[in-house]
Amino acid sequence: MKIIKKAQSGSFESSDIIVLIEPVVEKSGRNIEIDSSVMLEFGDAIAKLILDKLDEYNITDIHLIVKDKGALEPTINARLETAIMRACDLQKGTL
Amino acid sequence: MLYIPGNNPAMLQQGGIYGADSILLDLEDAVALNQKDAARILVRNVLKSINFYNTEVCVRINHLDTPFGLEDLEEIAPLQPDAIRYPKTETVEELAKLIQIIEAIEDKHNLPHDKMTIHAMIETALGVQNVFEIAKFSKRVDAITIGGQDLTADMNIKSTKEGSGIDLARKMIVMAAKANKIDAIDTVFVDINDEDGLRIDTEYAKQIGFSGKAVINPRQIDIIHDVYMPTEEEIRKAYRIVLEFKKNKKEGIGAFAIDGKMIDAPIMTRATQVLELANIDFNSI
Amino acid sequence: MKNIIGREVPEYIEGIGKTDMFIGAWEKLKKGWMDEPTIPPPNKAKTPHLSKICETLEEAIKKTSPKDGMTVSFHHHLRNGDNILVRSIEILANMGIKNITLASSSLNEVHNPILKYLKDGTITKIWSSGIRGDIGKAVSEGVLDIPVIIHSHGGRVRAIHTGKINLDLAIVAASAADEEGNATGSHGKSAFGSLGYASIDMRYAKQVIVITDTMVEYPCIPISITQNFVDYVVKVDSIGDASKIATGSTRITKSPMDLRIAKIAADVIEHSGLFVPGFSFQVGAGGASLAVAKFIREKMIKSKIKGSFILGGVTSYVVDMLNEGLFNAIFDVQSFDAAVSSSLMENSNHIEIPAALYANPYNCGCMTNKLDIVVLGALEIDLDFNVNVITGSDGTIRGASGGHSDTASGANLTIVVCPSFRGRLPIVKKYIHTVVTPGETVDVLVTERGICVNPIKPELEENLKKAGLNVRKIQDLQEEVEAIVGKVKEVEYTDKIVGIVEYRDGTIIDVIRQVKK
C-alpha cells in the first residue's frame, strides 16, 4: 500500500501512543523512530509490532514516528491501523 | 452500567475491574466527530484482546442516519459483544432497518442471530411516545434505556437535579419494559461529586422500577450497588419465605403463612428476586 | 551466594566487609537480645549561662570543627521543602571537607543539588532509608565507590546504637526553637509536625546544631529536641520552601483505580477476623493506601467498632478519625501533612514518638510490634510475596524502605496494595529487582484484579473466600498480567554493587547492582 499524505493518530495521554506518518519518495525504505516511556522494557516489542503491521499492509516506504506512553498492544495496533488508513486515504466513517 | 469513552485506551483497558455489571464502550457522544474511525478501530482491537471478566459488554454505535453508524456495525458486529446499544431510537421502522443490517453482517460471518442483543435508547419525545411498540418489536431487544440529557434537550426544558421534566418519560419507559419483561436502565447522574444526590436519584429509579442505572464514573458504582443490594433483613426474610415454600411444596401445601401473613405468588416472586440480587442460588436453599 | 530467600548476595562486599546474611524476619530477635555491642552516647559539658547562639549556619558548623571522613546526619521531616541539608553540605564542601558519610533519614528530589559533591569526593558514603531523584539514579549508575546502605526507620536506630553509623554532627531543622536548643516541629511558620526521626541523632551525635526560622522565648514548648543534647542554635530566615513543608491536608485520591483497590483492601480487613474493637491500624499517605482509611472509617462507623491506636506516618485524615472518637490515640513518628501539627500541639492523645519507640527491633517492644493491621504500597512484588520499594522497573534506586519492613514484620495483618501493572509495567512479577521486605512478613496482596493470600496464612484465605471475595493464586495473577502487558525485557546489570539493603535487624537481605548502560 502507498502512503499518500501525512497522517496522525492517538494522543499523549498515559496508556496511549501517538503515531505520525509521512510519505517518502519511492524505494527510500522504512524510516522508523520510536520514543517510549517504557523504551527499556518494551522498545523491542514495539518495534516488532510496527514492522509486523507494515508487513501486513505491505508498506515498504514510510517515515513513521511513534511517541508511546505505555500503551498496551491492542492500543498500539489500533493507532497504527488508524494512522495507516488515514495516510493512505482509506479511512471510512469519520469527519 | 459504566460508560467508557471509545477513544480512551486507559479507561477501556481497565473496563472490567470496577465491578460494574455491564460496561458501555461508547462510539457515539463521547467521541469527537473527526476521531470516529480511531475509536471504532480501538474498540475493535480492545474487544478482541482485553478480558472484561464477568462484565457484560455493550457497544453504543452511532445512529444509522449519520455517516458513522453503518461503518460502526461493520466493524463491531462481527465481534459479537453482548449487546449493541442504539441511540435515539424513535420508531420501529428504524429498529427494523438496524436488525436487518446486523443480521446481514452476521450471515456474512456465519454468526447466529440470537447471541448479541439490542438495547434501544430512548432520547426523544417521539421515542417516548413509541416506546411500547419499540419494546415489543423484536426479541433481540432485551433492554430499553433512557438518555436523560438528550431527552431534556429534545423537549426544550431545563435539566434539573430532580429531573421532574422527564419523570413521565422514565415511568413510561419502565412500563414498556415491564410489559415486555425486559430490562429498563436509567439515565446517568451527571454530578460525580454529589454522592448524596446520586443516592437519592438511584433510590427513586429503583422505586419506580428501573432494573439498573448508568454511570459516567467508576466512583458511582458502589453507591448504586448499595441502593440496589437488598438489606440483610430483606435477604433473611426472603430466605425464610423460599425455605418455607419449598418445604410446603414437598408436603403438597400450596398456600401458607409466615408471621401471620399469607405468602402468595407475587411475594414468592419478589423473594426470589431479592435472593438473586444477593447472589444466592435458589437451588441451594 | 544465595541467601535464605534466594537472593544472590556476595559473602564479602568491597568497602563494607563480610556480609551478615539475612536469616529470616524474626530469627535474630528470638534470642531476646542483640549480640553486637552498643556504643555509649557522648558525654558533653557546658558551664552555666554560656550562649549557644550562632549568627549563621556556617559559624555553627565551623564551631563543630568538621574534619575529613566525618559523618553528618539530617532528618527528612521537611519533606520536599528542605533546604538545610543542601546548604550544610555546601558549607562543608566550601571548607574543603572530604570523604563525608551522609546519614540522612531519607533523601528526596529537593536534595538533587548535592549530586556534584558525590562526584567530587566530598561525600563518599551514604546511609539512608530511601533515595529519590537524581542522586538515586547517579548512585545506581555507580557514582560512588562504596555502596550506599539502605536501612529501615527502625534499622537506622539500631545502626546508630551499634556505631555502624557513628554520628559526628547532627544538623536538626526545627520550625520553632529557643536559645538553649529546645525545639519542635509543631508550630512556627514552617511547622511540619513530628520530629521523630531526629530524636536518635540528638542523643548520639558528638555535636548537635539546631537550626530554626522561628525563635521563641525560652522555653520552647512542646519539647521534642531537648537542650541537654544541643551544642549550637542558629536562627535563619527560612529552613526551606514553606509551600512544600507546610503542605495542607492530604486529600483522599480521586483515582478510580486507587479507590477500587482501597475498597477491596477494606473488604479484606473487614473479613480478616482482625476487624474487632481495639484494633490498631497504620496506613501510608499514598493513593490507595490512604484511601483504605476512608473505607475503614465508614465500616467502623457502620459496625460501631472503636479502635485502639493509629501508628506511623500521620495524615490529617487519620487525625479526623481520632477526633471522631474512632481511635483512642495516634502515635506520630512523622507527619505527612502539616495540617497535623496543630493536633500534635493541642490533642494530648496525639503523641509524638521517636523512631526507636516506633520501630527499633532491639528494645523491649517497639510499637510496630503492637500493630494489628498495616496497609503498605509496593513498586514490585514477587510470587513469594517479597516486596521491592526501593528500585524502579529500570533497576535504579528511586524509592524508600522507610518503615515498610518494620511495620510488615510487626503487624498481625500486613496488606500490600498496588495495581497489578502501572502504565505498561508489571508490578506483580516472577522476579523483582530488589527485596526490601521479605514475603514471610506479608500476608495479602490486593490488586484491582484480585486478592492473593500468602500460603502461610490459610485461615485468612478461608475467611476471605467465605466472604465471597475474589481470592486467586498469585501465580495466576502474574501470568494474567504478563499476558496483558507483554514480556518485559529484563534489565542487565554489571557485577558492581551500588547499594546494600539492610534488613531491620542489621543483616543483609539484598544488594543493588549497577545497571548496564
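This briefing covers chain interfaces, salt bridges, cysteines and two buried sites in the structure above. The model is predicted. Chain A meets chain B across about 1,600 Å² of buried area, and chain B meets chain C across about 1,100 Å². The A–B interface holds three salt bridges, whereas the B–C interface holds zero. Over all chains, a search finds 60 salt bridges and zero disulfides.

**Interface of chains A and B**

- On the chain A side, 17 residues are in contact with 21 residues of chain B.
- Carbon and sulfur atoms give 52% of the area buried between chain A and chain B.
- A:Pro74, A:Arg79 and A:Leu95 lose the most area on the chain A side, and together they account for 29% of what that side buries.
- Twelve residue pairs are in polar contact between chain A and chain B, counting pairs with both residues at pLDDT 80 or more.
- The chain A residues that touch chain B comprise four nonpolar, eight polar and five charged.

**The salt bridge between A:Glu81 and B:Arg44**

- A:Glu81 and B:Arg44 form a salt bridge, with the closest N and O atoms 2.4 Å apart.
- A:Glu81 sits in helix α2 (residues 73-87) of chain A and B:Arg44 in helix α2 of chain B, so this pair joins two chains.
- Both A:Glu81 and B:Arg44 are buried.
- The two residues also belong to a network of salt bridges, which links A:Lys53, A:Glu56, A:Glu81, B:Arg44 and B:Glu75.

**Helix α3 of chain B**

- Helix α3 of chain B spans residues 69-76 and is largely enclosed by the rest of the structure, because six of its eight residues are buried.
- Those buried residues are B:Gly69, B:Glu71, B:Asp72, B:Leu73, B:Glu75 and B:Ile76.
- B:Glu75, one of the buried residues of α3(B), is also a member of the salt-bridge network that includes A:Glu81 and B:Arg44.
- The cover over the buried residues of α3(B) includes four elements of chain B: α2 (36-49), β3 (56-60), β4 (83-86) and α4 (92-108).

**Interface of chains B and C**

- Twelve residues of chain B are in contact with twelve residues of chain C.
- Of the area buried between chain B and chain C, 49% is on carbon and sulfur atoms.
- Five residue pairs are in polar contact between chain B and chain C, again with both residues at pLDDT 80 or more.
- The chain B residues that touch chain C comprise four nonpolar, five polar and three charged.

**Salt bridges within a chain**

- In chain A, A:Asp55 and A:Arg30 form a salt bridge, with the closest N and O atoms 2.7 Å apart.
- A:Asp55 lies in helix α1 (residues 39-56) and A:Arg30 in strand β3 (residues 30-36) of chain A, so the pair ties together parts 25 residues apart in sequence.
- Both ends of this bridge are partly exposed: A:Asp55 has 46% relative accessibility, and A:Arg30 has 31%.
- In chain C, C:Arg156 and C:Asp201 form a salt bridge, with the closest N and O atoms 2.8 Å apart.
- This pair links distant parts of chain C, with C:Arg156 in helix α5 (residues 153-161) and C:Asp201 in helix α6 (residues 198-204), 45 residues apart.
- Both C:Arg156 and C:Asp201 are buried.

**The surroundings of C:His76**

- C:His76 lies in the loop between β4 (71-74) and α2 (84-94) of chain C.
- Its relative accessible area is 9%, so C:His76 is buried.
- The side chains of C:His76 and C:Gln334 make a polar contact at 3.4 Å.
- Beyond its neighbours within four places in sequence, C:His76 is in contact with C:Ser105, C:Ser106, C:His153, C:Tyr197 and C:Gln334.

**Cysteines**

- A disulfide is a covalent bond between the sulfur atoms of two cysteines.
- For C:Cys220, the closest cysteine sulfur is in C:Cys54, 18 Å away, so it is too far for a bond.
- For C:Cys452, the closest cysteine sulfur is in C:Cys418, 9.4 Å away, so it too lies too far for a bond.
- C:Cys220 is buried, at 0% relative accessibility.
- C:Cys452 is buried, also at 0% relative accessibility.

Conventions:
Residues are numbered from 1 along each chain as its sequence is written. Chains are lettered from A and ligands numbered from 1 in the order in which they are written. This is a predicted model: local features need pLDDT of at least 70, side-chain atom pairs count only at pLDDT 80 or more; totals for chains, interfaces and linings use all residues. Side-chain values use heavy atoms; hydrogens and water are left out. Contact means heavy atoms within 4.5 Å. Buried area is the accessible area (1.4 Å probe) that two parts lose on being put together, summed over both. A salt bridge is a side-chain nitrogen of Lys or Arg within 4 Å of a carboxyl oxygen of Asp or Glu. A polar contact is a pair of N or O atoms within 3.5 Å; within protein, one must be able to donate a hydrogen and the other to accept it, and residues adjacent in sequence count only if both atoms are side-chain atoms. Ala, Val, Leu, Ile, Met, Phe, Trp, Tyr, Cys and Pro count as nonpolar, Asp, Glu, Lys and Arg as charged, and the others, Gly among them, as polar. A disulfide is a pair of cysteine sulfur atoms within 2.5 Å. Buried means under 20% relative accessible area, exposed over 50%, partly exposed in between (1.4 Å probe, protein chains only).
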